[in-house]
Amino acid sequence: MPELAEVAYFANRWRPGLDERVREVVIHPKARVFRELERPRAMPEQLARKRFQEIRTHGKQMLFGFEDRWLVGHLGMSGKLWCAPVNHRVEKHDHLVIRLRHRQLVFTDPRMFGSWQLLDEAALDSLWNHLPPEVTDRRFTKARLAAFLQRRARRPLKAVLLMQECFPGIGNWMADEVLWRTQLDPRRLAGSLTEPEVAALWKKLRLVCRQAMRIIGTDWGTPPRTWLFPHRWKDGGCCPCGAPLVREDVGGRTTCWCPTCQES
DNA sequence: TCCTATGTTGTATG
DNA sequence: ACATACAACATAGG
């Protein structure tokens, strides 16, 4: 489910717990979501008694600060964060539960494509502080976009927009939304864009990221009907222009576009 | 039963 | 070394 703005939304579900201390951490040490931890069993004790102080996100990554330890989480395909009352009992897909005095911070993920890491200050510096610029960042320049499209010249645009190394936070629906607004066929090869097309793509990438964060990021609002978003999910949908939308596999992912608005 | 799912990664191949 | 293509991961729901 989660892309840029949904990730920001979920990260903020833990906000009510800020300033509280960790009483207990409950995990399933063998759950796939802890595959990046060297010693999953050590994690609960490393967080015990620490104060929850900070929430940040970067693309689809979330960072939670606990004094001198930082949890980095990724929600995968089906992960969710929420605050549970203190009497909540751990359920089947609750893989990480951080118990505070007044609530519990819960990570639920049926498919277990999500992942968690625990960083110390050195690891935080080497990992979190060297991420690529976000799409809305001033350093995400048109030249940077053009260079990346050239490097991935033989892949369809749709597949390229999903590459987190250049487009942190862009996922399946956001990629389709951006291409629809840019009126580019998702099957076009990245290296085939003209300079004005690159400029338009850059502009729409930034626009969709900003608007998604504003509408979905804080309270999971519903994007208006003027977006592709509400029309794209199942077969039989129509573009706001009236034409039937196409849904097909492009670059390994189901892709939705308007054959009228997005000419090849 | 079969197909799909808002994601990433490992591996084979060119 | 670099780029590309695709299976694999695990589960639920239609």
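**Exercise 1.** In what order do the four strands of the open sheet that includes strand 8 stand, and is their pairing parallel or antiparallel?

*Solution.* The model is predicted, and the strands are taken from it in turn. Step one is the order, which reads 2-3-4-8 in this open sheet, with antiparallel pairing. Step two is to find the edges, which are strand 2 and strand 8 (115-119), since each of these pairs on one side only. Step three is the angle: neighbouring strands of this sheet are turned by 20 degrees against each other on average, direction ignored. Step four looks at one pair, in which strand 4 (residues 69-74) and strand 8 are joined by five bridges in the antiparallel sense, with L71 standing opposite L118 in strand 8. Helix 1 packs on this sheet, where it touches strand 2 and strand 3, and its direction makes about 175 degrees with that of strand 2.

**Exercise 2.** Determine how many residues of helix 1 are buried, and name elements that cover them.

*Solution.* The cut-off needed here is that a buried residue has under 20% relative accessible area. By this criterion eight of the nine residues of helix 1 are buried, so the helix is largely enclosed by the rest of the structure. The buried residues are L4, A5, E6, V7, A8, Y9, F10 and A11. Their cover includes strand 2 (52-58), strand 3 (61-66), strand 5, helix 6 and helix 7 (195-217).

**Exercise 3.** Describe the sheet with the order 1-6-7-5, and explain why one side of each edge strand has no neighbour in the sheet.

*Solution.* The sheet is open and has four strands, whose pairing is antiparallel. Strand 1 (24-27) and strand 5 (80-84) are at the edges and have a single partner strand each, which is why one side of each is left without a neighbour in the sheet. Neighbouring strands here are turned by 15 degrees against each other on average, direction ignored. Within the sheet, strand 6 (residues 94-99) and strand 7 (residues 104-108) run antiparallel and are joined by five bridges; V97 has V106 in strand 7 as its bridge partner.

**Exercise 4.** Work out whether H95 and G17 are buried or exposed, and then list what they touch.

*Solution.* H95 belongs to strand 6 and is buried, with a relative accessible area of 4%. A polar atom of the H95 side chain lies 2.9 Å from the backbone oxygen of D109. Apart from residues up to four places away in sequence, H95 touches V26, I27, H28, A31, V33, F34, F107, D109 and M112. G17, which sits in the loop between helix 1 (4-12) and strand 1, counts as buried at 0% relative accessibility. When neighbours within four places in sequence are set aside, G17 is in contact with F52, L100, R103 and L105.

**Exercise 5.** Which residues come nearest to DNA strand B, and what polar contacts reach its phosphate oxygens?

*Solution.* Of the 18 residues around DNA strand B, M1, K60, H74, R253 and T254 come nearest. Sugar and phosphate make up 53% of the atoms of DNA strand B that come within 4 Å of the protein. For the polar contacts, an N or O atom in the side chain of H74 is 2.8 Å from a phosphate oxygen, and a polar side-chain atom of T254 lies 2.5 Å from a phosphate oxygen, whereas N172 uses a backbone N or O atom, 3.2 Å from a phosphate oxygen. Helix 6 (172-182) and strand 10 (253-257) each supply at least two residues of this surface, which by class has six nonpolar, six polar and six charged residues.

Technical notes:
Residues numbered from 1 in each chain as written. Chains lettered and ligands numbered in written order. Predicted model: local features only at pLDDT ≥ 70, side-chain atom pairs only at ≥ 80, totals over all residues. Heavy atoms only, no water. Pairing = 2+ DSSP bridges. Axes fitted to C-alpha atoms, helices over the stretch in contact; angles between N-to-C directions. Near = heavy atom within 4 Å. Polar contact = N/O pair within 3.5 Å; in protein donor to acceptor, adjacent residues only side chain to side chain. Nonpolar A, V, L, I, M, F, W, Y, C, P; charged D, E, K, R; others polar. Buried < 20%, exposed > 50% of the residue type's maximum accessible area, 1.4 Å probe, protein only. Contact = heavy atoms within 4.5 Å.
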